[in-house]
Amino acid sequence: QVQLVESGGGLVQAGGSLRLSCTASGRTFSSYHMGWFRQAPGKEPDFVAAISWRGGSTYYADSVKGRFTISRDNAKNLVYLQMNSLKPEDTAVYYCATSRAGSSWYSSPADRARYDSWGQGTQVTVSA
């Protein structure tokens, strides 16, 4: 099973930017679809963004569309989440996750049930 480690979180003022990274172990990383989710205190995890195994398809939650960009570097086993124009409501723990769902993933990339390995998360705090 692949292991994931997120990094890049921190404290930033509203309007600022952060870039999260997710490092994956294992030689089959390039065959996985990847997703970013976030969880605010007292809430269920929410979908943020997802990217297909070769990077050809990307998906975003409406709340982050136009502000966040997901990308991946399969040669380095890395997935990124560039977050711009951050808002206080973006404050959460951000998790990356892998999906081995194959072609069925494309029908619902935001579905947490499609993902089978999760990182420990990185805290993002946006001050007003």
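This is a guided tour of a predicted model, going from a sheet to the core and then to the aromatic rings.

**The open sheet**

Select S1, S3, S8 and S7, which in that order form an open sheet of four strands with antiparallel pairing. S1 and S7 (68-73) are the edge strands; each has a single partner strand, so one side of each lacks a neighbour in the sheet. From one strand to the next, the twist averages 15 degrees.

Now keep only S1 (residues 4-7) and show its side chains. Which of them are buried? Leu4 and Glu6 point to one face and are buried, while Val5 and Ser7 point to the other face and are not.

Add S3 (residues 18-24), which pairs with S1 in the antiparallel sense over four bridges. Two residues of S1 can be followed across to S3: Glu6 has Cys22 as its bridge partner, and Ser7 has Ser21.

**The nonpolar core**

Next, select Met34, Trp36, Val48, Phe68, Leu81, Met83 and Tyr94. The largest nonpolar core has 33 residues, and these seven names are the members that touch the most others. Colour by element to see where the core comes from: S3, S4, S5, S7, S8 (78-83), S9 and S11 (122-127) each give two or more residues. Which element gives the most to this core? S5 does, with five residues.

Centre the view on Val48. Leaving aside residues up to four places away in sequence, Val48 touches Trp36, Phe37, Arg38, Tyr59, Tyr60, Ala61, Val64, Phe68, Leu81 and Tyr94. Two of these contacts, Phe37 and Tyr59, come up again below.

**Aromatic pairs**

Show the rings of Phe, Tyr and Trp. How many aromatic pairs does a search of the whole structure find? It finds six.

Select Phe37 and Phe47. Their ring centres are 5.7 Å apart and their planes stand at 70 degrees, so this is an edge-to-face pair. Phe37 lies in S4 (residues 33-39) and Phe47 in S5 (residues 46-51), and the pair links parts of the chain 10 residues apart. Phe37 counts as buried, at 0% relative accessibility, and Phe47 is buried too, with a relative accessible area of 15%.

Move on to Tyr59 and Trp105. Here the ring centres are 5.5 Å apart and the planes are at 80 degrees, which again makes the pair edge-to-face. Tyr59 is in S6 (residues 58-60), whereas Trp105 is in the loop between S9 (92-99) and S10 (117-118), so the pair ties together parts 46 residues apart in sequence. Are these two residues buried or partly exposed? Tyr59 is partly exposed, with a relative accessible area of 25%; Trp105 counts as buried, at 0% relative accessibility.

Return to Phe37 and Phe47 and add Tyr115 and Trp118: these four residues form one aromatic cluster.

**Charges over rings**

Two arginines complete the tour. Select Arg72 with Phe29: the charged end of Arg72 sits over the ring, 4.7 Å from its centre. Then select Arg54 with Trp53, where Arg54 lies over the face of Trp53 at 5.5 Å from the ring centre.

How values were computed: Residues are numbered from 1 along each chain as its sequence is written. Side-chain values use heavy atoms; hydrogens and water are left out. Buried means under 20% relative accessible area, exposed over 50%, partly exposed in between (1.4 Å probe, protein chains only). Two strands pair if DSSP finds at least two bridges between them. Rings of Phe, Tyr and Trp (its six-membered ring) pair if their centres lie within 6.5 Å; planes under 30 degrees apart count as stacked, over 60 as edge-to-face and the rest as tilted. A charge sits over a ring if NZ of Lys or CZ of Arg is within 6 Å of the ring centre and within 35 degrees of the ring normal. Axes are lines fitted to C-alpha atoms, for helices over the stretch in contact, and angles run from 0 to 180 degrees between N-to-C directions. A nonpolar core is a set of buried Ala, Val, Leu, Ile, Met, Phe, Trp, Tyr and Cys residues joined through side-chain atoms within 4.5 Å. Contact means heavy atoms within 4.5 Å.
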